[in-house]
Amino acid sequence: MRKSLNKKRTILVLIVPIVILIGIIILNIYRTTYKLILKQEAFTFEYGSTIPDDVGYYFSNLDKGKISVSDIDTDEIGEYNLFYNYGINEYKIPIKIIDNTAPIIKLYNDPIFLVGYDIAPEMLVKSIEDKSSYTLSYSLSKIDSSKVSDITLEVMAVDDYGNTATSSTTIHIVNSNGKPFIDSSISLEENINDYLYLHKLDNFSLSYYNFKTEDSFSIRGDTTYTAASTIKWALAMLYYDYISQGKININTVLTYTNSDYESGAGVLQFDEVGSEYSIDYLLKQLIMQSDNVASNILFRYIYETTGNTGSNILGTTYNINYRSNNRVISSNDALTFIKEFYNNEKQNPYYSTLENSLKNTIFTYRIAQFIPKNLVAHKIGDFDGYTHDIGIVYGEKPFAIAILSNGGTNKQIADLAYICYEYLNLK
């Protein structure tokens, strides 16, 4: 009995490998003779899309398996091949990458151009999306910008593969000597952006805050510029706060020293060294005349009384960028202390004196140019090409505005302030 069992085991040991070997041979013969069938002659994919790696996507008689698609760059239009090995056979899968998607084009709403301006199609395009390059053209063969007019234009974008998209807008041709065009159908921020785009003013920052509605926006609001004389507003606030708190006496007399001399704005530069002035007088000269000598005397006195530089105190007091080693501010910085001044939560009685000085400055342009001057409290700043103005426009719809620029003009700042003022009046 035991011999019979051993014999059967021996037979099984011999038969099992033979069966497995025969199975492998049959499987290989099947895979060699079995032909995979492509679902189509070639597979087409859109530019930038993802190519499937499941073999069942390509073959009608094979469901499982993965194919390497890493060699196909769908960001390049053209014809490619995938290869898949099954048994001893290698299958070639033709792939075509095409672009059938039209560009997505968005135009500026009611852009403004000056009379005589050479208007290219690119100037009307706010954004355009397409996987390939494209060309732009007008519906009109020529735009007549020689006179004030409104012209409706259709802009066509055609990409490298003939896909076409169109969009239309109305452009406004305006007189360069007049006030800027304002479109009440779009937001105030869009009006400001349109003006900056028209005049190619990428060297401007603007921050706006409406005290009545609390609406606000900023354009490059955190970009810093040399503060120039705009910081004199914050310096005056600091002094009036110290005066209100009893830390400084407004009638204290300070002496003009050699180190205080500075040419430029103000009349104190023409006085003799050794002249004496009350802090009250210096603060008014600081704002109304933007007097540089007054500024230097006041900054010096802050250091003498506190042991810290006025620049550093201003920076930390109002949480702005301004420091003694980096005398810069952003338009958002300016709005920080302007809003604190307007709200006057400290109920500082001297702020009314500062408001009066800001409204009666000798500088009646920029923010105040096109706006009734009795409504405008502002402080300009100029230094080495930097041109600024920051202020409050009072009235039924009061707002704060800070406009900083590197190379801007008085007219451009005036236009931007007027757009804010007039837009609110149109609403």
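**Helix H6, asparagine 163 and the overall fold**

In helix H6 (residues 310-317), the buried residues are Gly310, Ser311, Ile313, Leu314 and Gly315. The model is a predicted one. Cover for the buried residues of H6 comes from elements that include helix H3 (231-244) and helix H5 (292-306). An α-helix has 3.6 residues a turn, so residues three or four places apart point the same way. Within H6, Gly310, Ile313 and Leu314 are among the buried positions. Asparagine 319 follows H6 and has a positive phi, near 55 degrees.

The chain as a whole contains nine helices and 18 strands. Its radius of gyration is 37 Å, whereas the globule rule gives 22 Å for 427 residues; the chain is therefore more spread out than a compact globule. Along the principal axes, the C-alpha atoms fill a box of roughly 130 × 75 × 40 Å. Buried residues make up 44% of the 427 in the chain. Contacts between residues at least 6 apart in sequence were also examined: 58% of them join residues at least 24 apart.

The exposed surface of the chain is about 21900 Å². Carbon and sulfur atoms supply 49% of that area. The chain carries 36 positive and 49 negative charges. The mean positions of the two sets lie 14 Å apart.

Two loop residues were examined individually. Asparagine 163 sits in the loop between strand E8 (149-159) and strand E9 (164-174). Its relative accessibility is 11%, so asparagine 163 counts as buried, the cut-off being under 20%. The side chain of asparagine 163 takes part in two kinds of pairing. With the backbone oxygen of aspartate 99, the distance is 2.9 Å. With the side chain of aspartate 159, asparagine 163 forms a side-chain polar contact of 2.9 Å. Leaving aside residues up to four places away in sequence, asparagine 163 touches Asp99, Asn100, Thr101, Ala102, Pro103, Ala157 and Val158. Asp99 thus appears both among these touching residues and as the partner whose backbone oxygen is reached.

Glycine 246 belongs to another loop, between H3 and strand E13 (253-255). Its relative accessible area is 63%, and glycine 246 is therefore exposed; exposed means over 50%. From glycine 246 to asparagine 356, the C-alpha to C-alpha distance is 22 Å. The two residues are 110 apart in sequence. H3, at one end of the glycine 246 loop, also belongs to the cover of the buried residues of H6.

Notes
Residues numbered from 1 in each chain as written. Predicted model: local features only at pLDDT ≥ 70, side-chain atom pairs only at ≥ 80, totals over all residues. Heavy atoms only, no water. Helix = DSSP H or I, 4+ residues; strand = E, 2+ residues; numbered from the N terminus. Rg over C-alpha atoms; globule rule 2.2 N^0.38 Å. Buried < 20%, exposed > 50% of the residue type's maximum accessible area, 1.4 Å probe, protein only. Contact = heavy atoms within 4.5 Å. Areas by Shrake-Rupley, 256 points an atom, 1.4 Å probe, with all protein chains shown as cover. Lys, Arg positive; Asp, Glu negative; His and termini not counted. Charge placed at Lys NZ, Arg CZ, Asp CG, Glu CD. Polar contact = N/O pair within 3.5 Å; in protein donor to acceptor, adjacent residues only side chain to side chain.
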